[in-house]
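Me: Please take a close look at the charged side chains in this structure. I would like one connected account, with the cut-offs spelled out.

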Amino acid sequence: QLQLVESGGGLVQPGGSLRLSCSASGLTLGDYVIGWFRQAPGKEREGVSCISRPDHSTTYADSVKGRFTLSRDNAKNTVYLQMTSLKPEDTAVYYCAADRVINYQAMCAQKPKGYKYDGWGQGTQVTVSS
């Protein structure tokens, strides 16, 4: 199973911004569908945003539309999740996942249930609080 690395989490005030990064060594992220997920304490995992390949079509959860932007930088082998206008309800551990096969919209919908992606990161904590 391939290993991804997330970074960029932290503590931010409501209305603030953060940029999360998802990178990997030894593989080309441009060959994979990449998704960002989050899980808050006591809540189920949620698909936040996913990006297709080779085109860079994106999909977003309704809760983050207009505030989050997902993008790829293939030259840096990195996928970025730019988060703006952050709210306390965005507080969660954020994970990125990669898969060669699954459709990017299905990935964010977490369908089919039980599907195992090619790899996950270890997660990065995002806390939105004053």
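Reply: The salt bridges come first, then one buried acid, then the sheet.

This is a predicted model, where local features need pLDDT of at least 70, side-chain atom pairs count only at pLDDT 80 or more, and totals for chains, interfaces and linings use all residues. Residues are numbered from 1 along each chain as its sequence is written, and side-chain values use heavy atoms, with hydrogens and water left out.

A salt bridge here is a side-chain nitrogen of Lys or Arg within 4 Å of a carboxyl oxygen of Asp or Glu. By that rule there are four. R38 takes part in a network of salt bridges that links R38, E46, R67 and D90. R38 meets E46 with N and O 2.8 Å apart. R38 also bridges to D90, with the closest N and O atoms at 2.9 Å. R38 sits in strand β5 (residues 33–39) and D90 in the loop between β9 and β10 (92–99), so this pair ties together parts 52 residues apart in sequence. Strands are DSSP runs of E, at least two residues long, numbered from the N terminus.

How exposed are these residues? Buried means under 20% relative accessible area, exposed over 50%, and partly exposed in between (1.4 Å probe, protein chains only). R38 is buried at 7%. D90 is buried as well. E46 is partly exposed at 26%.

Another salt bridge joins K65 and D62, at 3.1 Å from N to O. D62 is exposed, with 66% relative accessibility.

Now the buried acid. E6 lies in strand β2 (residues 5–7). E6 is buried but has no salt bridge. Its nearest side chain of opposite charge, R45, is 10 Å away. Lys and Arg count as positive, Asp and Glu as negative; His and the chain ends are not counted. What does the E6 side chain reach? It comes to 2.9 Å from the backbone nitrogen of Q122. A polar atom of that side chain also lies 2.8 Å from the backbone nitrogen of G123. Not counting residues up to four places away in sequence, E6 touches several residues (contact means heavy atoms within 4.5 Å), among them W36, Y94 and C96.

Strand β2 belongs to an open sheet of four strands, ordered β2-β4-β9-β8 with antiparallel pairing. Its edge strands are β2 and β8 (68–73), each pairing on one side only. Two strands pair if DSSP finds at least two bridges between them. β8 and β9 (residues 78–83) pair over six bridges. In β9, Y80 is the bridge partner of S71.

Definitions and conventions
A polar contact is a pair of N or O atoms within 3.5 Å; within protein, one must be able to donate a hydrogen and the other to accept it, and residues adjacent in sequence count only if both atoms are side-chain atoms.
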